[in-house]
Protein chains: 2
Amino acid sequence: MALGKDYATQECSIARALEVVGERWTLLVVRDALYGVRRYNDFLVHLGIPRAVLAARLQTLTAEGILEKRRYQQSPPRDEYVVTERGIALWPTLRALGSWGREQFDGARLRYFRHAECGTELGPYGECALCGTIVPVTDVVMEPGPGLDPDPADPVSRALLKPKRLLEPLETDQA
Amino acid sequence: MALGKDYATQECSIARALEVVGERWTLLVVRDALYGVRRYNDFLVHLGIPRAVLAARLQTLTAEGILEKRRYQQSPPRDEYVVTERGIALWPTLRALGSWGREQFDGARLRYFRHAECGTELGPYGECALCGTIVPVTDVVMEPGPGLDPDPADPVSRALLKPKRLLEPLETDQA
DNA sequence: CCTTTCGGTTCAGTCACTGAACCAACCATG
DNA sequence: CATGGTTGGTTCAGTGACTGAACCGAAAGG
C-alpha cells in the first residue's frame with residue numbers, strides 16, 4: 001500500500017493482500033481487466049482515473065504478476081495488459097465485494113453474472129446453485145441489468161453492454 | 001473513499017463498496033472487529049494505526065452501519081464498537097481476500113478457520129466441505145497456525161492466540 | 001492531591017492522488 | 001513533407017489524506 005508499509009507488521013494474509021491491491025483504483029483496474037478491458041486508453045476512459053495513477057497502477061500490477069504486458073502489434077508498437085492467473089484468482093474477492101455493496105447499499109441490479117453452461121445466475125460467491133459448483137471465470141457470462149444506464153457516454157461502457165464472457169477481450173467500436 | 005468521490009460515477013457495486021471500505025486501514029478494522037476486538041485501545045495496539053485515523057475510521061464505520069457504538073459501562077463511561085450484521089456480511093470478502101493473499105504470496109499458515117460443529121477447515125469461500133454449506137460466522141472457530149509468532153508483544157495478539165469463535169469478544173489479560 | 005487509564009483532538013510534516021499540460025513515436029492524409 | 005490524429009505515456013503544481021507525536025479531559029485509584 002506504499003503508505004508507510006505498516007501492514008507488513010500485521011502477520012495476516014488479508015493485510016498482505018491489501019498491500020498489493022489495497023491502493024485506490026487498484027481493484028477497479030483488476031475488475032476492468034476481468035471484464036475484458038486490456039488497453040491503456042480503455043482503462044482511462046472507463047475509470048476516469050488520472051493518467052499518472054493509471055500508469056503507476058498498471059506498472060505495479062504488472063510487477064506483482066496480476067497483469068501481463070503484452071505486445072499485440074509491432075507497428076506502431078502497442079502493448080495490452082492481460083490479466084494473469086493470479087489476477088483471475090481475485091474474482092471471488094471482487095464478486096463478494098460487489099455482492100456486499102449491492103445488498104447493503106444499492107439494491108439496483110446493475111449486471112447479471114450467469115453460468116454460461118446453464119444460464120443460472122451466480123450466487124454471491126460465484127457458485128452456480130443448479131450445478132452446485134464454483135463456476136470458473138471463463139464460464140461466466142456478464143450481461144447488463146435494469147439498473148445500468150442504457151446509453152453511456154464512453155465507448156468502453158457501451159461495449160460492456162453487450163453480453164460477453166469474462167476475460168474475453170473487449171471490442172470497442174470507436175464510433 | 002473521500003478522495004475526489006470519483007467512484008460515484010462508476011455504476012458498479014464494487015465501486016460502491018470501495019467507497020465505504022476502500023480507504024486505508026478500514027478493512028483491517030473490520031477484520032479485527034470480526035475477530036472480537038471491540039475497544040479503541042485494542043484496535044490501536046493491534047493495528048499500530050495512528051490514533052487520528054482510527055478515530056476517523058471508527059466514526060465512518062459507525063455512520064455506515066458497519067459498527068455500532070455501545071456503552072458497556074457507566075462509570076467511567078466507556079464505549080465499545082461492535083460489528084453489525086452489515087459488517088458481518090463482509091466476512092466472505094475478507095475470507096476471499098485472505099485466501100488470495102496466502103495462496104499467491106505468503107504460503108505460511110497463519111490461522112485456521114474451522115466449522116465449529118465438525119472441526120473441518122473452511123474452504124476459500126468460507127464453506128465447510130464436509131457439511132456442504134456456507135458456515136455462518138458465529139459457527140466459525142479461529143485458531144493459530146504454525147506461521148504465527150507464538151509470543152507477540154502486544155496483549156491483543158496474545159489474546160488472539162487462544163482458539164475462539166469469531167465475534168466472541170476478546171479478553172485481554174492486561175498483564 | 002497526584003497519577004494512571006481511556007478515548008480521544010490538534011498539528012506540523014510527508015506522501016499520495018488529482019488534473020492539466022506536455023511529449024514522443026508512429027501512421028494517415030493532402 | 002507538413003499537418004494532424006492516435007496511443008501511451010511523463011511532468012508538475014496543488015490538494016488532500018495519512019503519520020507520529022504531543023496534548024487534553026473525564027474519571028477512577030491511591
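**Exercise 1. Find which phosphate contact B:Tyr81 makes with DNA strand C, and describe the protein around that strand.**

Step 1. Start at B:Tyr81: a polar atom of its side chain sits 2.9 Å from a phosphate oxygen of DNA strand C. A polar contact here is a pair of N or O atoms within 3.5 Å; within protein, one must be able to donate a hydrogen and the other to accept it, and residues adjacent in sequence count only if both atoms are side-chain atoms.

A word on the model before going on. This is a predicted model, where local features need pLDDT of at least 70, side-chain atom pairs count only at pLDDT 80 or more, and totals for chains, interfaces and linings use all residues. Residues are numbered from 1 along each chain as its sequence is written, chains are lettered from A and ligands numbered from 1 in the order in which they are written, and side-chain values use heavy atoms, with hydrogens and water left out.

Step 2. Move to chain A. The side chain of A:Arg24 places an N or O atom 2.9 Å from a phosphate oxygen of DNA strand C, and for A:Trp25 the distance is 2.8 Å.

Step 3. Widen the view. There are 22 residues around DNA strand C, and those that come nearest are A:Trp25, A:Arg57, A:Ser75, B:Arg51 and B:Tyr81. Of the strand's atoms within 4 Å of the protein, 73% are sugar and phosphate. A residue counts as near if one of its heavy atoms lies within 4 Å of the strand.

Step 4. Sort by class: the surface near DNA strand C has twelve nonpolar, two polar and eight charged residues. Ala, Val, Leu, Ile, Met, Phe, Trp, Tyr, Cys and Pro count as nonpolar, Asp, Glu, Lys and Arg as charged, and the others, Gly among them, as polar.

**Exercise 2. Work out which residues come closest to DNA strand D.**

Step 1. Of the 24 residues that surround DNA strand D, the closest are A:Arg51, A:Tyr81, B:Trp25, B:Arg57 and B:Ser75.

Step 2. Look for phosphate contacts. Polar side-chain atoms lie 2.9 Å from a phosphate oxygen of DNA strand D in A:Tyr81, 2.8 Å in B:Trp25 and 2.5 Å in B:Ser75.

Step 3. Check the atoms of DNA strand D within 4 Å of the protein: 72% belong to sugar or phosphate, and the rest to bases. The surface near this strand holds 13 nonpolar, two polar and nine charged residues.

**Exercise 3. Decide how chain B is related to chain A.**

Step 1. Chain B superposes on chain A after a rotation of 180 degrees with 0.0 Å of shift along the axis (RMSD 0.0 Å). This is therefore the relation of a two-fold axis. The fit is by least squares on the C-alpha atoms of residues with pLDDT of at least 70 in both copies.

Step 2. Locate the axis: B:Thr93 is the residue of chain B that comes closest to it, with its C-alpha at 2.7 Å.

**Exercise 4. Is helix 2 of chain B enclosed or open?**

Step 1. Helix 2 spans residues 26-35, and ten of its ten residues are buried, so the helix is largely enclosed by the rest of the structure. Buried means under 20% relative accessible area, exposed over 50%, and partly exposed in between (1.4 Å probe, protein chains only). Helices (H or I, at least four residues) and strands (E, at least two) are DSSP runs, numbered from the N terminus.

Step 2. The buried residues include B:Arg31 and B:Asp32.

Step 3. Just beyond the helix, B:Gly36 has a positive phi of about 110 degrees.
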